[in-house]
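This report describes the fold of one protein chain, moving from its strand pairing to a position annotated in a sequence record. The reader may wish to keep the structure in view while following the text.

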Amino acid sequence: MASYLVLCLAFLLTTSAEFVWRHHTNEQLPVILEDIHARCPNITRVYALTEPSVNGVPLYVIEFSDNPGFHQPYKPEVKYVGNIHGNEVLGRELLLGLAHYLCEQYQNRDRKIRSLIHSTRIHLLPSMNPDGWQLSTETGCVDYLIGRTNNHSVDLNRNFPDLDAITFEFERQGINHNNHLLKDLTRLAAPLEPETRAVMRWIMSVPFVLSAAMHGGDLVANYPYDESRSGAPVSEYSASPDDDTFRELAMAYASAHADMASATRRGCHTGNSEEAASYNFGKQGGVTNGAAWYSLKGGMQDFNYLATNAFEVTLELGCDKYPPASVLQQEWERNREALLAYIWKAHTGIKGIVSDDAGFIQNAVISVVNITGPVPRPIRHDVTTAAYGDYYRLLTPGHYEVTASHPGYFPVSRVVTVPRHQTAAHVLNFQLEPTTSWFDDETSFGIYPHGLRDGQPRIYKRSIYEQVAKTMLDRKESAKQ
Ligand SMILES: [Zn+2]
C-alpha cells in the first residue's frame with residue numbers, strides 16, 4: 001500500500017506557495033484554500049458545510065464575491081461540486097486550480113475575471129466525499145469502484161430524496177405543481193448520509209441559480225432528468241419542463257471544452273469499434289439527457305431542480321476516473337474555458353426584483369410562458385424570489401410572457417424578449433399592488449379571484465420548507481440513534 005501511495009501522491013513533499021498540479025490530500029486541501037484566501041482576502045471566504053464526512057473530515061468551500069459572505073440583489077449564485085464519488089478525482093483538482101486561477105487573474109486585473117467576480121457569487125466545494133477519496137487513494141487510485149461511496153458504503157449520488165417520483169406522480173394526476181417539492185415528500189427511501197445532509201442544507205439555504213456536479217468515467221455533460229418516467233433502466237429520454245434551457249447549459253460546457261463536443265474523438269468504452277462508436281457522446285454535441293443514458297434515483301442533479309431554484313448539470317470530465325498527477329495541468333487547460341463559460345451562463349435569461357410600495361416581496365412566484373412559436377408553451381417550473389425580492393430565471397433566447405404573483409397581490413404579467421449572446425441577464429422588475437387596497441370588504445366579493453393562476457396560488461415560504469427539511473432530518477437522526 002505504501003508504494004501505491006508514493007505513486008498516487010508523487011511530488012507530495014514539494015511545498016510551495018505557488019499552486020502545483022498534483023493530487024492534494026484531505027489535509028492539504030484546506031491549506032490550499034486558506035492560502036488563496038490570504039492572497040485574495042477581499043474577494044474570498046473559506047467555510048465548511050454544517051457537518052463533516054462520516055470520518056469527520058470537514059467539507060470545505062471557497063467563495064468568490066466582491067462582498068464575501070453575503071447574498072446581494074441582482075447577483076446570481078453559482079456552485080461547483082467536485083469529488084462526490086471519492087474515486088472520481090479530476091473535479092476536485094480542477095476546482096482547486098480554478099480557485100487559484102480566479103484569485104491570480106483578479107490580482108492581475110484580468111477584466112473578464114474581475115467582471116465575473118463583481119457580478120456573480122461563486123462557491124466551490126472541491127470534495128463532497130473526502131473519505132471515499134482517501135480509500136481510493138490508499139488502494140492505488142485504480143479501481144473502478146473502490147472509494148466511490150462514502151464511509152458507510154453509500155453512493156451519495158443515490159442518497160438524495162427522490163423528488164422525481166413526486167413530480168412524475170403529480171404529472172400522472174394532472175396536478176400542475178413542479179417545483180420546491182421537498183415539502184411534498186412523505187418518506188425517505190434510505191437514511192440521509194452526513195455528506196448528503198450537509199449539502200442539502202447548503203443547497204436550501206443559499207439561493208443558488210446555477211450549479212454543476214463533477215464526475216469521471218466518461219466525457220459528457222448530462223442534464224435532467226436523471227430518472228426515467230417508466231422505470232426503464234436505460235435509453236428513455238426524460239425531459240424536464242426546462243429541457244431547452246438545460247440542453248443549452250450542458251452545451252455551453254461541452255462546446256467550450258477542448259474536445260467534449262468533438263464528433264471525431266474516441267469514445268471512452270472502447271471494447272470494439274462498434275461499441276466505441278456507440279459511446280462517443282461527442283457525436284451528439286457532448287451532451288446527453290440523464291435517463292436517455294441510464295436512469296438513476298436519488299441523484300443530486302434532479303434534487304437541485306425539484307427542491308430549489310437551482311439548475312444543475314452533471315459533468316463527466318474524462319474516461320479515467322483517477323487520472324495520474326502528470327496530466328492534471330493538461331486537463332486544466334482542456335477545461336478552463338468551459339469552467340468559466342458555464343459560470344457566465346448564470347447571466348442569461350431574465351432577473352429582477354419583485355416589490356410593493358413597502359419594499360421587497362420575498363417568495364413571490366415567477367411563472368413563464370414561452371410565446372416564441374405559434375403555440376404558447378407554459379414552462380411548468382416556477383422560480384421564487386429570494387431575500388431581496390430578487391429572482392433569476394434562466395431561459396433560452398426567445399419571447400416570453402412572465403408573471404409575478406404572490407397571495408394578497410394582483411399578479412402582473414409582462415412580455416419580454418431574451419436576446420442571443422447575453423453577458424448580463426435582461427432586467428425585468430415587477431411592482432405589485434395589494435388586493436386589499438382595492439377590496440376592503442372581503443365579504444362583498446367573496447374569495448378574491450385575483451392572484452390565482454391555474455387554481456389556488458401556492459405559497460412558497462423558505463421558512464416552511466426549511467422547517468420540513470429540518471423536521472425530516474431530525475427524525476432520521478433520532479431514528480438512527
Ligand atoms: Zn460519478
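Which residue in β12 is the bridge partner of V369? In this predicted model, the partner of V369 in β12 is P378. The pair can be placed in a wider setting, since β11 (residues 365-370) and β12 run antiparallel and are joined by five bridges. Both strands are part of an open sheet of four strands, ordered β12-β11-β14-β15, in which the pairing is antiparallel. Because β12 (377-384) and β15 (412-418) each have a single partner strand, they stand at the edges of this sheet, and one side of each is left without a neighbour there. On average, and with direction ignored, neighbouring strands of this sheet are turned by 25 degrees against each other.

A second open sheet is formed by eight strands in the order β1-β2-β4-β3-β5-β8-β6-β7, and here the pairing is mixed. Its edges are occupied by β1 (44-48) and β7 (287-289), each of which has a single partner strand, so that one side of each lacks a neighbour in the sheet. The average turn between neighbouring strands of this sheet, direction ignored, is 20 degrees. Within it, strand β3 (residues 77-81) runs parallel to strand β5 (residues 208-215), and five bridges join the two; E77 stands opposite F208 in β5. Helix α2 (residues 28-39) packs on this sheet, where it touches β1 and β2 (60-64), and the direction of α2 makes about 20 degrees with that of β2.

The two sheets can be set side by side as follows.

| Strand order | Pairing | Average turn between neighbouring strands |
|---|---|---|
| β1-β2-β4-β3-β5-β8-β6-β7 | mixed | 20 degrees |
| β12-β11-β14-β15 | antiparallel | 25 degrees |

The eight-stranded sheet also holds the annotated position, as β8 is among its strands and E316 lies in strand β8 (residues 311-318). An unreviewed UniProt entry places the feature "active site" at E316. Is E316 buried or exposed? E316 is buried, because 24 other C-beta atoms lie within 10 Å, where 20 or more suffice for that class. Leaving aside neighbours within four places in sequence, E316 is in contact with H215, G216, G217, D218, L219, V220 and N222.

Turning to the chain as a whole, the protein chain has 14 helices and 17 strands, and buried residues make up 47% of its 481 residues. Of the contacts in the protein chain with a separation of 6 or more, 76% are between residues 24 or more positions apart.

Definitions and conventions:
Residues numbered from 1 in each chain as written. Predicted model: local features only at pLDDT ≥ 70, side-chain atom pairs only at ≥ 80, totals over all residues. Pairing = 2+ DSSP bridges. Axes fitted to C-alpha atoms, helices over the stretch in contact; angles between N-to-C directions. Contact = placed C-beta atoms within 7 Å. UniProt positions renumbered as here; feature names shortened; annotations may be inferred. Buried ≥ 20, exposed ≤ 12 C-beta atoms within 10 Å, placed from the backbone.
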